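Biologist: Hello! I am new to this structure and would love a close look at a single part of it, whichever you think is a good way in. Could you then follow the chain outward from there?

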Amino acid sequence: MNEQVIGYIESIVKGRPALISEMEQYAVEHNVPIMELVGIEALLGMLRIQQPKVILEIGTAIGYSALRMAGALPEATVVTLERDEERFEAAQGFLSRSEDGKRVVTLFGDALELAEEVEKHGPYDAIFIDAAKGQYLKFFELYSGMLSENGVVYSDNVLFKGLVAEEHVEQKRIRNMVKKLQNYNAWLMNHEEFDTSILPVGDGIAISKKRGEQR
């Protein structure tokens with residue numbers, strides 16, 4: 001979407017609680033990546049339709065999306081993983097200031113090393129992947145087996161500022177990341193056990209629905 005349309009949508013989004021606005025400002029001031037407003041609102045809309053009871057989030061950062069999900073789904077529990085100690089501690093602080101934060105379980109460590117602990121809190125009705133982009137495929141393979149029968153995986157940033165559609169990216173580090181996301185998107189779209197749609201909202205959200213035994 002062009003900036004004018006994004007600005008229009010942002011202008012009519014319902015106001016957020018003071019704590020959420022504070023977190024948004026903190027993210028700007030401390031250069032912490034959180035979901036774009038249009039993207040998080042779209043994700044919350046899809047989750048309200050799905051009504052998951054247990055959500056796994058890979059990539060807590062400061063707890064913004066975890067708290068937004070808990071706030072949108074009063075009966076849901078969110079289990080969220082973060083490996084950066086400073087961000088983990090910031091998330092703990094923010095979550096402790098909200099009643100919704102009481103339904104958020106925070107686990108510290110690398111998501112690729114926490115599977116045994118994560119499994120104790122499952123199965124999961126929804127998994128939200130929003131961590132190291134180069135590891136998305138590994139995250140999906142490691143945790144999608146913990147989904148409930150009608151589970152859904154939501155992957156953020158899959159369009160990466162539109163760079164996945166570019167034929168050539170000059171900067172090597174960015175080019176490698178783009179290549180990994182392109183491979184991940186293609187892999188998802190051809191997965192035998194999931195149906196996937198990619199929505200061009202925010203930074204791109206992939207929705208992967210488990211097909212179930214009947215398919």
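Modeller: Happy to! When I speak of helices and strands, I mean DSSP runs numbered from the N terminus: H or I of at least four residues for a helix, E of at least two for a strand. This is a predicted model, in which local features need pLDDT of at least 70 and side-chain atom pairs count only at pLDDT 80 or more, while totals for chains, interfaces and linings use all residues. Residues are numbered from 1 along each chain as its sequence is written, and side-chain values use heavy atoms, leaving out hydrogens and water.

Let us take the sheet as our part. Strands of a sheet pair through backbone hydrogen bonds, either parallel or antiparallel. Here 7 strands make an open sheet with mixed pairing, in the order 3-2-1-4-5-7-6; two strands count as paired if DSSP finds at least two bridges between them. Strand 3 and strand 6 (194–199) stand at the edges with a single partner strand each, so one side of each has no neighbour in the sheet. From one strand to the next, the twist averages 15 degrees; such angles run from 0 to 180 degrees between N-to-C directions, with axes being lines fitted to C-alpha atoms, for helices over the stretch in contact. At the strand 3 edge, strand 2 (residues 77–82) pairs with strand 3 in the parallel sense over 5 bridges, and T80 has T106 in strand 3 as its bridge partner.

Two helices lie across part of this sheet, where contact means heavy atoms within 4.5 Å. Helix 3 (residues 37–50) crosses strand 4, strand 5, strand 6 and strand 7 (205–210), running at about 170 degrees to strand 5. Helix 8 lies across strand 4, strand 5, strand 6 and strand 7 too, at about 135 degrees to strand 6.

Now for the rings around these elements. The structure holds 7 aromatic pairs; rings of Phe, Tyr and Trp (its six-membered ring) pair if their centres lie within 6.5 Å, and planes under 30 degrees apart count as stacked, over 60 as edge-to-face and the rest as tilted. One of the pairs is F88 with F108: their centres are 5.2 Å apart and their planes at 55 degrees, so the pair is tilted. F88 sits in helix 5 (residues 85–95) and F108 in strand 3 (residues 104–108), so this pair ties together parts 20 residues apart in sequence. F88 is buried at 13% relative accessible area, whereas F108 is partly exposed at 42%; buried means under 20%, exposed over 50% and partly exposed in between, using a 1.4 Å probe and protein chains only. F140 and Y184 have ring centres 6.5 Å apart and planes at 65 degrees, so that pair is edge-to-face. It links distant parts of the chain, 44 residues apart, with F140 in helix 7 (residues 136–143) and Y184 in helix 8. Both F140 and Y184 are buried, and ring pairs join them with Y136, W187 and F194 into a cluster.

Finally, the loops beside the strands. A61, in the loop between strand 1 (54–58) and helix 4 (64–72), has a positive phi of about 55 degrees although it is not a glycine. At 11% relative accessibility, A61 is buried. Helix 4 is mostly covered, with 8 of its 9 residues buried. K161, in the loop between strand 5 (147–156) and helix 8 (172–189), also has a positive phi, about 60 degrees, but K161 is exposed at 61%. The peptide bond from G122 to P123 is cis, and P123 falls in the loop between helix 6 (115–119) and strand 4 (124–129).
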